[in-house]
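Colleague: I'm new to this one and the whole picture is a lot to take in. Please pick a single part, take a close look at it, and then work outwards from there.

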Amino acid sequence: MGWVRVRRPPLLQSKLLCASLLYLLTTLPLALYVSFSDPASRCLPLLLLPASTSRSSSGNATTLFDYPTGYGERKHALPTTRKLCSDPAVFSDYKTVWEEINGLFHNHNLSAHPHAIPALRYQNGSRDTFAGNLSTDERRSFFAHTDAAVEVPCGFFKDFPLTQADRLAMEHCRGVVVASAILNDHDKIRQPKGLGSQTLKRACFFMFIDDRTHRVLASHGILKDDGHGAPPASTVVVGAWRVVRLQKQLPYESPAMNGVVVKHLLHRLFPNARFSVWLDGKMQLTVDPLLLVHSLLIGKGADMAVSKHPFNLHTMEEAIATARWRKWGDADAIRAQMETYCSNGLQPWSPSKLPYPSDVPDTAIIIRRHGSASDLFSCLLFNELEAFNPRDQLAFAYVRDTMSPNVSMNMFEVEVFEHIAVEYRHNLKRGNDGGGGGRTKQGITRMASSRDIVGSSCEKYLMKMWGEPTE
């Protein structure tokens, strides 16, 4: 009987390979354990939606709508480098969130909120401008809302062009409204990711567009080209979004100002919605909006949730950056705005303003509980935007710190913002402002000197911000 010699496969003859495989099998379980056992170091602990409630296990937006190849809705995403954060967002499982939010909607005492004030009453009628062109003193007279019988100016003194079908659909939205706007073809329609299977039954998705955006979408075959001036179809849906075409004369020449009508007056456009999630057109949502409302708003007992600005802490820092980078081209108007705010009590951020951790938000995402406190804040803020410019970060702290009663606000970490949505670059165009407004004035920006602030109403603000003595 002969011996049979059994040789090891060639792959197993390498001691280095065997050692590598052993190392991988040893360290992989440890890495997984560390990743999932330390959620405090993660901005978003892993969301595990049951298969029966997950709309798409991969979160692929093409399950909602297949875009034509040439549309390029995924191009130019801005990279994010932050992986860890000190204050992560903690989400409950989808089933729990669904049941709790449904319970709130069936509870007639939903408005019974710790910071609630009597429901607002709004001024009506017709005026020269959409918000009434109020003076500084007139606007300030509504900051202290102690009498429920007083009617508050809150836009709509001129028509906002909506079809009757769209108005009815907006009135019928009684849960969470997710809204965005693309004006002047400044961005692209992008589908939300990670939606639970029941979310579209409770959340309404509305995308507002103008004629220019409509023409571009029609050229790609995404919307029907019904001809310039033709009435829009009663219902136009692109994936999750119901598209609302603002076809008539818009209230402002600036696309950015028309955009903030939708952005800050959602409580008026959707009078029966209980919560709202606003997304700038450059953002793509990657977390279910019900989870966001539950975690960042309801769980915090807040009226509003908005991210802190990634760089600026003080309003004046944002104003200087706005002028320096020509986010709004009229630097003299920005200075006049800041002078007005300083003379009426605006202070730089300090620990005395806690629990507000910053004076400058990133308002690309705003999550709101529709109630009198957040509604009043939004009305007052919008009036400031018409008075000066649509850069809402400049008026944010002035309104928040001056209004009474206060608005409860969850200003969450920048890292959380970067993990609940993807930010894309705007569509770049030559020869127009792309919706930013005021960028046609491209004069040279002069560096400031110390004499520029002497005698200014903002002198003490700046000295305090810089840590210099004010006396």
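Modeller: Let's begin in the sheet, where β4 and strand β6 (residues 241-246) run parallel and are joined by five bridges. Strands here are DSSP runs of E with at least two residues, helices are runs of H or I with at least four, and both are numbered from the N terminus. Two strands count as paired if DSSP finds at least two bridges between them. One of the links goes from F206 to its bridge partner R242 in β6.

Before we go on, this is a predicted model, in which local features need pLDDT of at least 70 and side-chain atom pairs count only at pLDDT 80 or more, while totals for chains, interfaces and linings use all residues. Residues are numbered from 1 along each chain as its sequence is written, and side-chain values use heavy atoms, with hydrogens and water left out.

Back to β4, which spans residues 203-210 and is mostly covered, with eight of its eight residues buried. Buried means under 20% relative accessible area, exposed means over 50%, and partly exposed is in between, using a 1.4 Å probe and protein chains only. Look at how the side chains are dealt out: A203, F205, M207 and I209 point one way, C204, F206, F208 and D210 point the other way, and all are buried. Its other partner to look at is strand β3 (residues 176-182), which runs parallel to β4 and is joined to it by seven bridges. There, V178 has F205 of β4 as its bridge partner.

Now for β6. Six of its six residues are buried, so β6 is largely enclosed by the rest of the structure. W241, V243 and R245 point one way and R242, V244 and L246 the other. β6 also pairs with β5, in the antiparallel sense and over two bridges, and here R242 in β6 is the bridge partner of V237. Two residues lie between the strands of this hairpin, and G239 takes a positive phi near 65° in it.

Step back and you can see the whole sheet: it is open, has eight strands in the order β5-β6-β4-β3-β7-β10-β9-β11, and its pairing is mixed. β5 (237-238) and β11 (409-412) stand at the edges with a single partner strand each, so one side of each is left without a neighbour in the sheet. Further along that order, strand β9 (residues 304-308) and strand β10 (residues 361-369) run antiparallel, joined by five bridges. A305, for instance, has I367 in β10 as its bridge partner.

Helices cover this part too. α12 packs on the sheet, touching β9, β10 and β11, and its direction makes about 145° with that of β10. Helix α13 (residues 392-402) also packs there, touching β9, β10 and β11, but its direction makes about 50° with that of β10. Those angles run from 0 to 180 degrees between N-to-C directions, with axes being lines fitted to C-alpha atoms, for helices over the stretch in contact.

What about the packing of nonpolar side chains? A nonpolar core is a set of buried Ala, Val, Leu, Ile, Met, Phe, Trp, Tyr and Cys residues joined through side-chain atoms within 4.5 Å. The largest one has 67 residues, and F206 and F208 from our starting strand are among those with the most contacts inside it, as are F270, M316, F377, F382 and M409. Helix α12 (residues 372-387) gives this core its largest share, seven residues. A second, separate core of 49 residues includes F205, V243, V293 and I420. F270 brings us back to β4: leaving aside neighbours within four places in sequence, F270 is in contact (heavy atoms within 4.5 Å) with M170, C173, V177, F206, F208 and H370.

One last spot is K263, in helix α7 (residues 255-264). K263 is buried, at a relative accessible area of 9%. Its side chain makes a polar contact of 3.0 Å with that of D392; such a contact is a pair of N or O atoms within 3.5 Å, where within protein one must be able to donate a hydrogen and the other to accept it, and residues adjacent in sequence count only if both atoms are side-chain atoms. Not counting residues up to four places away in sequence, K263 touches W278, D280, T363, I366 and D392.
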